[in-house]
Amino acid sequence: MIRQATAQAHPNIAFIKYWGNRDERLRLPANPSFSMNLGALRTIARVTFLEEEGPDALVLNGVSVEGPARDRVEAFLDHVRRMAGHRGRAVVESQTDIPTGVGLASSAAAFAALAVAAAAALDLPLSERELSILARLGSGSACRSVPPGFVEWVVGERHEDSYAYSVAPPEHWALWDVIAVVSEQPKAVGSSEGHRRAATSPLHPFRVATAPERVARCREAVLRRDFDALAEIVETDAIWMHAVMMTSRPPLFYWEPATIAVLLAVRRWREEGLPVAFTLDAGPNVHLLCPAEAADAVARRLEGVPGVRRVLRSGPGGGAQRVSNGGTDRVGIGRIHPEIQVEQR
Ligand code: DP6
């Protein structure tokens with residue numbers, strides 16, 4: 001018997017960052033984190049479990065993939081197979097409109113969609129919380145792409161209680177992420193290796209110890225839709241994470257000259273009265289958060305900053321969800337879909 005299901009998920013941008021693990025294998029994080037799903041971008045995963053045993057197959061945007069990416073998917077599906085008592089191999093077909101090399105963690109959307117699709121294909125009746133826990137085993141930040149909107153990942157003590165939940169739905173606040181792409185090169189050191197290095201930084205214990213307070217302030221700012229309070233805490237947290245990266249052994253420098261130009265410009269624009277704040281993930285591209293009504297002005301001003309190659313934008317998005325198996329054809333995945341506004345320079 002063939003068991004098949006399809007699901008979609010959005011990537012997320014962290015306001016308070018996940019950096020470093022207490023348990024690397026289970027991806028139990030060193031600190032709590034907070035994020036917003038990005039509704040304009042998405043990944044769709046179709047999983048087909050067969051009766052025969054053997055290696056899993058991974059097809060990304062129509063291209064068959066071998067090596068570490070396939071191995072990571074197989075290791076993830078082994079968890080699902082164990083939970084369901086199924087031994088057969090799987091074929092995973094994943095399509096995404098997240099542009100590669102723009103520093104958006106595509107693994108978050110991919111493993112969130114995969115968790116929902118794989119559980120559905122094997123008839124595992126998992127709650128949203130259990131799906132978030134499962135997605136976390138594939139990629140830490142994937143647990144935050146399972147619930148909708150504005151999301152908090154609670155650290156937890158054990159595997160069973162480290163999960164993400166929705167603090168507010170996407171409709172709660174029309175907050176936009178305007179992404180300044182300054183480089184499209186694949187990063188030299190990926191997040192998984194970066195998490196490993198975090199503990200070698202003398203600043204790491206301080207960042208971890210003070211993260212719960214930053215998450216609480218971030219949660220409050222989001223619930224009150226207080227942009228100024230959000231701007232202050234989000235920028236502080238991003239700078240702290242990059243300070244940890246730069247003081248790790250060996251150090252991780254993700255910034256490029258254009259990164260700094262954007263950071264300084266954002267501070268200037270805010271002093272001039274434009275509501276905008278920056279954050280950065282493990283890469284040189286800068287995410288500019290702003291209320292929806294400021295997004296045009298922010299994108300326009302970014303065009304004047306030397307080194308900004310293109311600008312993407314997204315508002316808040318929903319959680320990971322199952323779609324019909326034919327859904328992949330209907331939404332035309334693999335193409336940039338109309339909601340996403342890409343300004344190429
Ligand atoms: C800097 O979730 O990509 O984007 O668990 O190894 O897949 P893995 O790491 P990942 O790490 C995300 C790091 C970050 C911050 C964040 O999204 O919280």
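Helix α2 of this predicted model contains 16 residues, and its first and last C-alpha atoms lie 22 Å apart, close to the 22 Å expected at 1.5 Å a residue. Because 13 of its 16 residues are buried, α2 is largely enclosed by the rest of the structure. Just after α2 comes Asp-123, which has a positive phi of about 55°.

A second helix, α5, covers residues 204-224. With 21 residues at 1.5 Å each, α5 should span 30 Å, and its end C-alpha atoms are indeed 30 Å apart, so the two values agree. The table sets the two helices side by side.

| Helix | Residues | Span between end C-alpha atoms | Expected span | Residue just after, with its phi |
|---|---|---|---|---|
| α2 | 16 residues | 22 Å | 22 Å | Asp-123, about 55° |
| α5 | 21 residues | 30 Å | 30 Å | Arg-225, near 50° |

**The nonpolar cores**

In soluble globular proteins, nonpolar side chains tend to be buried together. In this model, the largest nonpolar core has 36 residues, and those that touch the most other members are Val-47, Phe-49, Phe-76, Leu-77, Val-80 and Leu-114. At least two residues of this core come from each of β1 (3-9), β6 (43-49), α1 (68-84), β9 (90-96), α2 (106-121) and α3 (128-138). The greatest contribution is that of α2, with eleven residues.

Val-80 illustrates the contacts: apart from neighbours within four places in sequence, Val-80 is in contact with Ala-118, Ala-119, Leu-122, Leu-124 and Leu-134. Another core, of 29 residues, lies apart from the largest one; its members include Leu-41, Ile-98, Val-215 and Val-234.

**Helix α5 and its surroundings**

Among the buried residues of α5 are His-204, Arg-207, Ala-211, Arg-214, Val-215, Cys-218 and Val-222. An α-helix has 3.6 residues a turn, so residues three or four places apart point the same way. The elements that cover the buried residues of α5 include β2 (12-16), β5 (33-37), β10 (150-154), α4 (191-198) and α6 (227-246). Helix α5 bends by about 40° at Ala-211, and a proline, Pro-212, follows within four residues. After the helix comes Arg-225, with a positive phi near 50°.

Arg-225 is also a contact of His-172, as are Phe-150, Val-222 and Leu-223, when neighbours within four places in sequence are left aside. His-172 belongs to the loop between β11 and β12 (175-181). Its relative accessible area is 16%, so His-172 counts as buried, since the limit for a buried residue is under 20%.

Ser-191, in helix α4, has a relative accessibility of 30% and therefore counts as partly exposed. Not counting residues up to four places away in sequence, Ser-191 touches Trp-19 and Ala-282. The C-alpha atoms of Ser-191 and Val-222 are 26 Å apart in space, while the two residues are 31 residues apart in sequence.

**The four-stranded sheet**

Strands β2 and β5 also take part in an open sheet of four strands, whose order is β2-β5-β10-β11 and whose pairing is antiparallel. At the edges stand β2 and β11 (163-168), each of which pairs on one side only. From one strand to the next, the twist averages 35°. Four bridges join β2 and β5 in the antiparallel sense; Asn-12 has Asn-37, in β5, as its bridge partner.

Key:
Residues numbered from 1 in each chain as written. Predicted model: local features only at pLDDT ≥ 70, side-chain atom pairs only at ≥ 80, totals over all residues. Heavy atoms only, no water. Expected span 1.5 Å × (residues − 1). Bend = angle between axes of the 7 residues up to and from the residue. Buried < 20%, exposed > 50% of the residue type's maximum accessible area, 1.4 Å probe, protein only. Contact = heavy atoms within 4.5 Å. Core = buried A, V, L, I, M, F, W, Y, C linked by side-chain atoms within 4.5 Å. Pairing = 2+ DSSP bridges. Axes fitted to C-alpha atoms, helices over the stretch in contact; angles between N-to-C directions.
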